[in-house]
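Me: Could you take a close look at how the helices pack in this one? I'd like a connected walk through the packing and the residues involved, in plain bench language.

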Amino acid sequence: MLGFCGEVLTQVNTSHIDMKAVKYGMWFVSILTMSLLIQSIFVSTICVSNGISLTYYGNNGFYSVKRALRGMMQVREQVNSNFMAGFVGYSAVGLFVIWIKLDQDSPESLVISDVWVGIGCTTVWVFALARMWKAQDETRKLFQFLPKMDEKDYPPLDSETSRFFSLNVLNHETGNLYSRDSEAFEHP
């Protein structure tokens, strides 16, 4: 996405464009998009490297792991919002390029058929953006934190999941999953 915005800034010829607002809009959105995406990459890199470092080398044991996870969770929204805004900007730059190409391909200025093509492309873009936003909201709801529940409040497990948990045990010290039938399984 960064490469595309950079290529648009350097490769798209805007010297003979009648619609100056589209030209300046493309430049502004390209720079803004690049800034948002670089910010997203920067913050997530710092977050991951510092979080992993605190997890592995923190001198307070489980408290260090807990602190690292909480810190990463606090930065999560900033990374997500910067990336989503950058993605919207990236797709808007593509839309600006379409309008510029329509203007460049017209003999004198935009003819009515070019305007209708541009309006059609813009409509498809808005529809796709709305669907993307809806998909993001629905996906985030799947991972929403719930209030702490008692075991009786959880929905019943289906038979396959129930069978898996009754036949397998996780060793919390090693992180290995053992079948109750295996020799490696140690009874508590």
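Reply: Of the 188 residues in the chain, 22% are buried. Keep in mind that this is a predicted model. The chain has five helices and two strands, and reading along the sequence gives the pattern α-α-α-α-α-β-β. As for how the chain folds back on itself, take the contacts with a separation of 6 or more: 64% of them join residues 24 or more positions apart.

Let's go to helix α3, which covers residues 62–105. One of its partners is helix α4, residues 112–142. The axes of α3 and α4 come within 10 Å and cross at roughly 165°. Angles over 145 degrees count as roughly antiparallel, so α3 is roughly antiparallel to α4. The crossing of α3 past α4 is right-handed. What sort of residues make up the contact of α3 with α4? They split into 16 nonpolar, five polar and four charged.

Another partner of α3 is helix α1, residues 2–11. Here too the axes come within 10 Å, but the crossing angle is roughly 30°. With under 35 degrees counting as roughly parallel, α1 and α3 are therefore roughly parallel to each other. This crossing is left-handed. On the α1 side the contact is made by F4, C5 and V8, and on the α3 side by Y90, V93, G94 and V97. Sorted by type, the residues of the contact of α1 with α3 come out as six nonpolar, one polar and no charged.

Now bring in helix α2, residues 20–57. A good residue to click on is L37, which is found in α2. Is L37 buried or exposed? Its relative accessibility is 5%, and the cut-off for buried is under 20%, so L37 counts as buried. Leaving aside neighbours within four places in sequence, L37 is in contact with M1, L2, F83, G86 and F87. M1 is a long way off in sequence, 36 residues from L37, yet the C-alpha atoms of L37 and M1 are 8.1 Å apart in space.

I31 also lies in α2. With a relative accessible area of 45%, I31 is partly exposed. The C-alpha atoms of I31 and C5 are separated by 7.7 Å, although these positions lie 26 residues apart along the chain count. C5 is also one of the α1 residues in the contact with α3.

Back in helix α3, have a look at N82. This asparagine is buried, with a relative accessible area of 13%. Which residues does N82 touch, once neighbours within four places in sequence are left aside? They are L36, Q39 and S40.

Since you're at the bench, a word on cysteines. A disulfide is a covalent bond between the sulfur atoms of two cysteines. How many disulfides does the structure hold? Zero. As for cysteine exposure, C47 has 16% relative accessibility and counts as buried, while C121, at 26%, counts as partly exposed.

To pull the packing together: α3 runs roughly antiparallel to α4 and roughly parallel to α1. From α2, L37 is in contact with residues including F83 and F87.

Technical notes. Residues are numbered from 1 along each chain as its sequence is written. This is a predicted model: local features need pLDDT of at least 70, side-chain atom pairs count only at pLDDT 80 or more; totals for chains, interfaces and linings use all residues. Side-chain values use heavy atoms; hydrogens and water are left out. Axes are lines fitted to C-alpha atoms, for helices over the stretch in contact, and angles run from 0 to 180 degrees between N-to-C directions. Helices (H or I, at least four residues) and strands (E, at least two) are DSSP runs, numbered from the N terminus. Angles under 35 degrees count as roughly parallel, over 145 as roughly antiparallel, 65 to 115 as roughly perpendicular and the rest as oblique. A crossing is left-handed if the near helix is turned anticlockwise from the far one by less than a right angle, and right-handed if clockwise. Ala, Val, Leu, Ile, Met, Phe, Trp, Tyr, Cys and Pro count as nonpolar, Asp, Glu, Lys and Arg as charged, and the others, Gly among them, as polar. Contact means heavy atoms within 4.5 Å. A disulfide is a pair of cysteine sulfur atoms within 2.5 Å. Buried means under 20% relative accessible area, exposed over 50%, partly exposed in between (1.4 Å probe, protein chains only).
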